[in-house]
Amino acid sequence: GGRVAEVTDAAVRVGLANVRWPGRFEVVSTVPLVIADGAHNEDGISMLVEELPSLIGQRPLHALFAVMRDKNWQPMVERLGPLLCSATITSALPPRGETPEVVAECFRRYCQVTVDADPVHALRQLYQRLSGESALLVTGSLFLIGAVYPALRSGQGNIQPLAHP
């Protein structure tokens with residue numbers, strides 16, 4: 001048989017450190033600080049919640065959030081909600097996506113909530129409202145990241161409100 005190449009732990013670590021996984025704890029802007037994270041279950045959100053303080057420091061945190069209907073998403077809201085100043089709930093991939101109003105109801109006990117069913121419009125509104133001192137987290141579904149990713153990338157650096165089409 002062929003020789004199996006031996007992969008050392010060190011090589012694996014170096015490889016993992018260099019993996020570009022768009023939408024996984026990805027900083028897409030620094031002023032305001034915008035983080036895209038495709039966390040879409042309780043474990044993913046828990047990891048994200050643990051990592052966030054080191055990245056955002058004392059910045060007020062806002063979220064753009066959408067989630068799939070078939071996920072057990074209430075625990076995600078319970079982990080994330082207490083950290084937020086505001087949550088903008090949008091939809092991703094209807095009809096598989098959960099209805100924004102239903103999700104919004106869960107966030108309301110924690111923070112100020114806005115519902116905007118159009119993810120790109122919701123993102124633009126957030127950019128216009130947030131100060132450079134704020135942090136914005138885009139999370140809850142990889143479909144949400146996919147929907148807003150081109151708009152996020154086009155706003156790299158100091159984000160200006162995106163031009164309306």
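At the start of helix H2, a side-chain oxygen of Asn-41 comes to within 3.3 Å of the backbone nitrogen of Asp-43. This is a predicted model, so please read the geometry below in that light.

Let's follow the helix onward. H2 covers residues 42-56, and its 15 residues should span 21 Å at 1.5 Å a residue; the end C-alpha atoms are 21 Å apart, which agrees. Along the way there is a kink of about 30° at Glu-50, shortly before the proline Pro-53. After H2 comes Gly-57, with a positive phi near 60°.

Which residues of H2 are buried? They are Gly-44, Ile-45, Ser-46, Leu-48, Val-49, Leu-52 and Ile-56. Several elements help to cover these buried residues, including those in the table.

| Element covering buried residues of H2 | Residues |
|---|---|
| strand E2 | 33-37 |
| strand E3 | 61-65 |
| helix H3 | 74-80 |
| strand E6 | 135-139 |

Strand E3 also takes us to the aromatic rings. How many aromatic pairs does a search of the whole structure find? The search finds one. Its partners are Phe-65 and Phe-107, with ring centres 5.1 Å apart and planes at 70°, so the pair is edge-to-face. Because Phe-65 lies in strand E3 and Phe-107 in helix H4 (residues 100-107), the pair ties together parts that are 42 residues apart in sequence. Both Phe-65 and Phe-107 are buried.

Terms used
Residues numbered from 1 in each chain as written. Predicted model: local features only at pLDDT ≥ 70, side-chain atom pairs only at ≥ 80, totals over all residues. Heavy atoms only, no water. Helix = DSSP H or I, 4+ residues; strand = E, 2+ residues; numbered from the N terminus. Expected span 1.5 Å × (residues − 1). Bend = angle between axes of the 7 residues up to and from the residue. Buried < 20%, exposed > 50% of the residue type's maximum accessible area, 1.4 Å probe, protein only. Contact = heavy atoms within 4.5 Å. Polar contact = N/O pair within 3.5 Å; in protein donor to acceptor, adjacent residues only side chain to side chain. Phe/Tyr/Trp six-rings, centres within 6.5 Å; stacked < 30°, edge-to-face > 60°.
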